[in-house]
Amino acid sequence: MLCGEGMSALEIIAALLGLANVTLVVRRSVWNYPFGIAMVSLYAVVFYEAQLYSDALLQIFFLVLNVYGWVSWRRVQQRDTVPVRWMGLRGNALVIAVTAVLWFLWSSLMHRFTDAAAPYVDGAVACLSVAGQILMVRRFVENWIYWIVVNLLAIGLFWWRDLPVTSALYTVFLGLAFAGLFQWRRAAAVAA
């Protein structure tokens, strides 16, 4: 069901849900999660069809994290937002090291055992997204740095795989990630 060359109705709907999801995350709203759950469900299909298997599998992981995050954020919700905090240098070093090892292992497996279109770039997007999502669910400001890197990689990857709507979405996500970093930094400074 194509709406244009390389553009499906499913991709457009997933992109719109994603835009709502990330906009609400920037605002630290617990209501980001229903949009996130719907978005990742649709993107699992979109990415599978584009032979981006790491990203397709990632959506299943995101589904679980979105459910967990919704419950977790509801517990700490204060009025309309949730409090945020910094992870610290040691925590950052650990996350970077684990993410790098997992990226290399995952991408190597995708390269060896699948017909993945771009196993190393797709694997980087997947592993950095896992780290970013976990940090976001845990309400760490640093999550936005991961999302900035993910968005930079994903824009080109999705354009190359003929997913123009998703590539455009990740361009908007890049701007939202910078806005999220700014807003969450300010919120963490106020809380400190």
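A cavity is a set of points, on a 1 Å grid over the protein atoms alone, where a 1.4 Å probe fits but cannot get out; lining residues have an atom within 4 Å of a point. Grid points are joined across faces, edges and corners, and a volume is the space filled by probe spheres set on the points.

The model is predicted: local features need pLDDT of at least 70, side-chain atom pairs count only at pLDDT 80 or more, and totals for chains, interfaces and linings use all residues. Residues are numbered from 1 along each chain as its sequence is written, and side-chain values use heavy atoms, with hydrogens and water left out.

**Exercise 1. Find the enclosed space and describe its wall.**

How many cavities of 30 Å³ or more does a search of the whole structure find?

Step 1. The search finds one. The volume of the largest cavity is about 330 Å³.

Step 2. List the wall. The largest cavity has 23 lining residues; nearest its centre lie Asn-21, Val-22, Met-39, Gln-133 and Trp-147. Two or more lining residues come from each of H1, H2, H3, H5, H6 and H7. Helices here are DSSP runs (H or I, at least four residues), strands likewise (E, at least two), numbered from the N terminus. H3 gives the largest share of this lining, five residues.

Step 3. Sort by class. The cavity lining has 15 nonpolar residues, seven polar and one charged. Ala, Val, Leu, Ile, Met, Phe, Trp, Tyr, Cys and Pro count as nonpolar; Asp, Glu, Lys and Arg count as charged; the others, Gly among them, count as polar.

Step 4. Take one wall residue, Gln-133. Gln-133 sits in helix H5. Gln-133 is buried, because its relative accessible area is 7%. The cut-offs are under 20% relative accessible area for buried, over 50% for exposed, and partly exposed in between (1.4 Å probe, protein chains only). Beyond four places in sequence, Gln-133 contacts Phe-62, Leu-65, Asn-66 and Trp-147. Contact means heavy atoms within 4.5 Å.

**Exercise 2. Describe the largest pocket.**

Which element gives the largest share of the lining of the largest pocket?

Step 1. Define the target. A pocket is an open set of points with protein on both sides within 12 Å along at least five of seven lines. The largest pocket has a volume of about 300 Å³.

Step 2. Name the lining. There are 16 lining residues, and Leu-102, Ala-126, Cys-127, Val-130 and Ala-131 lie nearest the pocket's centre. H3, helix H4 (89-113) and H5 each give two or more residues to this lining. H4 supplies the largest share, seven residues.

Step 3. Check the chemistry. The pocket lining has 14 nonpolar residues, two polar and no charged residues.

**Exercise 3. Map the largest nonpolar core.**

Which element gives the largest share of this core?

Step 1. A nonpolar core is a set of buried Ala, Val, Leu, Ile, Met, Phe, Trp, Tyr and Cys residues joined through side-chain atoms within 4.5 Å. The largest has 54 residues, and Tyr-43, Met-136, Trp-144, Phe-158 and Trp-184 have the most contacts inside it.

Step 2. Helices H1 (9-26), H2 (32-49), H3 (53-76), H5 (119-137), H6 (143-160) and H7 (164-191) each give two or more residues to this core. H7 gives the largest share, 11 residues.

Step 3. Look around Tyr-43. Not counting residues up to four places away in sequence, Tyr-43 touches Glu-11, Ala-14, Ala-15, Gln-59, Thr-166 and Leu-169.

**Exercise 4. Compare three residues in the H1-H2 loop.**

Is Arg-28 buried or exposed?

Step 1. Arg-28 lies in the loop between H1 and H2. Arg-28 is buried, because its relative accessibility is 18%. Phi of Arg-28 is near 60°, a positive value in a residue other than glycine.

Step 2. Arg-27 is also in the loop between H1 and H2. Arg-27 counts as exposed, because its relative accessibility is 54%. Beyond four places in sequence, Arg-27 touches Thr-81 and Gln-183.

Step 3. Trp-31 belongs to the loop between H1 and H2. Trp-31 is partly exposed, because its relative accessible area is 46%. Beyond four places in sequence, Trp-31 touches Leu-24, Trp-70 and Arg-74.

**Exercise 5. Check the confidence.**

Where is confidence lowest in the protein?

Step 1. pLDDT is the predictor's confidence in each residue, from 0 to 100. The protein has a mean pLDDT of 91, and 96% of its residues reach 70 or more.

Step 2. Confidence is lowest in strand S1 (residues 2-4), at a mean of 42, and highest in H6, at 96. Over residues 1-5, pLDDT stays under 50.

Step 3. Where pLDDT is low, the predicted coordinates should not be read in detail.
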